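Here are some notes for a first look at this structure. Keep the sequence and the 3D view open while you read.

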Amino acid sequence: MELKDLKKEYEEINVIGEIVFSSSQIQGKIRELGEQITNDYKDRDLLVISILRGGIFFLTDLVRSINAPLSIDFMGISTYGISDTSGGVVRITKDLEEVIENKHVLVTEDIIDTGLTISYLLRNLKARYPKSIEVCALLDRNIRRMADVNIKYKGFDIGEKYIVGYGLDYKQKFRNLDSIYELKIDAVKKDIESIR
Ligand code: 5GP
């Protein structure tokens with residue numbers, strides 16, 4: 001969906017700011033990532049894991065740009081904001097269907113921010129003895145990083161701005177925009193502070 005169509009659908013459209021990455025920039029970057037992953041995994045069976053819900057947009061485009069045998073699986077999580085008392089606890093709401101022992105695993109994420117979510121998941125998945133495990137993230141906001149994460153395949157770096165579109169939501173909306181936009185921070189300041 002393009003922003004101009006969304007205008008008819010949502011009143012909250014006034015919270016959407018400048019475009020940050022266009023659909024064609026995103027798709028171009030995904031083709032590059034797909035080529036790198038194809039080269040690295042061409043002789044190996046790969047299991048690509050996506051984190052629900054926002055990550056599925058990235059996963060479906062990424063796997064179609066990988067020219068190697070692979071399967072996909074999903075993990076559902078719910079996070080509690082790091083600013084609250086739970087200290088970034090991640091709860092698994094849907095576990096993998098596949099057994100990952102002895103498999104080559106690639107965990108995909110739309111954006112890695114503090115890194116707390118992915119580090120929790122990596123710890124959990126490593127305890128299941130995969131043959132290898134790597135991370136592919138479309139967006140890397142390393143200025144807010146609190147946990148060390150090795151992102152082997154990285155799309156774009158991003159600064160402080162809070163973004164929506166291409167799977168990323170604001171109050172569960174705007175995931176279906178095919179480009180990534182900045183959220184007008186003044187319009188949503190209170191909400192963003194409570195999410196973060
Ligand atoms: P982390 O544990 O790395 O801080 O959190 C990663 C998750 O936070 C992402 O998968 C995403 O759901 C959410 N997130 C982080 N930054 C943004 C952002 O700028 N916009 C949106 N919509 N979600 C974000």
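What pLDDT does the chain average, and what share of the residues score at least 70?

1. Confidence. This is a predicted model. The chain averages a pLDDT of 89, and 86% of the residues score at least 70. One stretch needs care. Over residues 82–86 the pLDDT is below 50. Beyond near neighbours in sequence, that stretch has seven contacts in the model.

2. Overall make-up. The chain has 196 residues, of which 32% count as buried. It holds five helices and nine strands. Read from the N terminus, the elements run α-β-α-β-α-β-β-β-α-β-β-β-β-α. Consider the contacts with a separation of 6 or more: 66% of them join residues 24 or more positions apart.

3. The six-stranded sheet. Start with the strand order. Six strands form an open sheet, β4-β3-β2-β5-β6-β7, and the pairing is mixed. The edges are β4 (90–94) and β7 (153–157). Each has a single partner strand, so one side of each is left without a neighbour in the sheet. On average, neighbouring strands of this sheet are turned by 30 degrees against each other, direction ignored.

4. One edge in detail. Strand β3 covers residues 70–79 and runs antiparallel to β4. Four bridges join the two. Within this pair, Ile77 stands opposite Ile92 in β4.

5. Helices on that sheet. Which strands does each packed helix touch? Helix α2 (residues 23–41) packs on the sheet and touches β2 (46–52), β5, β6 (132–140) and β7. The direction of α2 makes about 160 degrees with that of β7. Helix α4 also packs on the sheet. Its contacts are with β3, β4, β5 and β6. The direction of α4 makes about 165 degrees with that of β5. Both helices touch β5 and β6.

6. The three-stranded sheet. What is the order of the strands in the open sheet of three? The order is β1-β9-β8, with antiparallel pairing. The edge strands are β1 and β8, and each pairs on one side only. Strand β1 (residues 16–21) is joined to β9 (residues 180–183) by three bridges. Two positions help you find this pairing in the view. Ile16 stands opposite Leu183 in β9, and Phe21 stands opposite Ile180 in β9. On the other side, β8 and β9 pair over two bridges, again in the antiparallel sense. There, Ile163 has Glu182 of β9 as its bridge partner.

7. The ligand shell. Which residues come nearest to the ligand? There are 17 residues around the ligand, and Asp113, Thr114, Leu116, Thr117 and Leu168 come nearest. By class, the shell has nine nonpolar, four polar and four charged residues. Three elements each supply at least two of the shell residues: β5 (104–112), α4 (116–126) and β8 (163–164). The largest share comes from β5, with four residues. Both sheets are thus represented by a strand: β5 belongs to the six-stranded one, and β8 to the sheet of three. Helix α4, which packs on β5 among other strands, is the helix in that list.

8. A cis peptide bond. Check the bond from Leu52 to Arg53. It is cis, with omega near 0 degrees. Arg53 lies in the loop between β2 and α3 (55–64).

9. Two positive phi values. Both sit in the loop between β8 and β9. Phi of Gln172 is near 70 degrees, a positive value in a residue other than glycine. Phi of Phe174 is near 75 degrees, and Phe174 is likewise not a glycine.

10. Is each of these two residues buried or exposed? Gln172 has 8 other C-beta atoms within 10 Å, and 12 or fewer make a residue exposed, so Gln172 is exposed. Phe174 has 25 other C-beta atoms within 10 Å, and the cut-off for buried is 20 or more, so Phe174 is buried. This loop therefore holds both an exposed residue and a buried one.

Definitions and conventions:
Residues are numbered from 1 along each chain as its sequence is written. This is a predicted model: local features need pLDDT of at least 70, side-chain atom pairs count only at pLDDT 80 or more; totals for chains, interfaces and linings use all residues. A residue is near a molecule or strand if its C-beta atom, placed from the backbone, lies within 6 Å of it. Ala, Val, Leu, Ile, Met, Phe, Trp, Tyr, Cys and Pro count as nonpolar, Asp, Glu, Lys and Arg as charged, and the others, Gly among them, as polar. Two strands pair if DSSP finds at least two bridges between them. Axes are lines fitted to C-alpha atoms, for helices over the stretch in contact, and angles run from 0 to 180 degrees between N-to-C directions. Two residues are in contact if their C-beta atoms, placed from the backbone, lie within 7 Å. pLDDT is the predictor's confidence in each residue, from 0 to 100.
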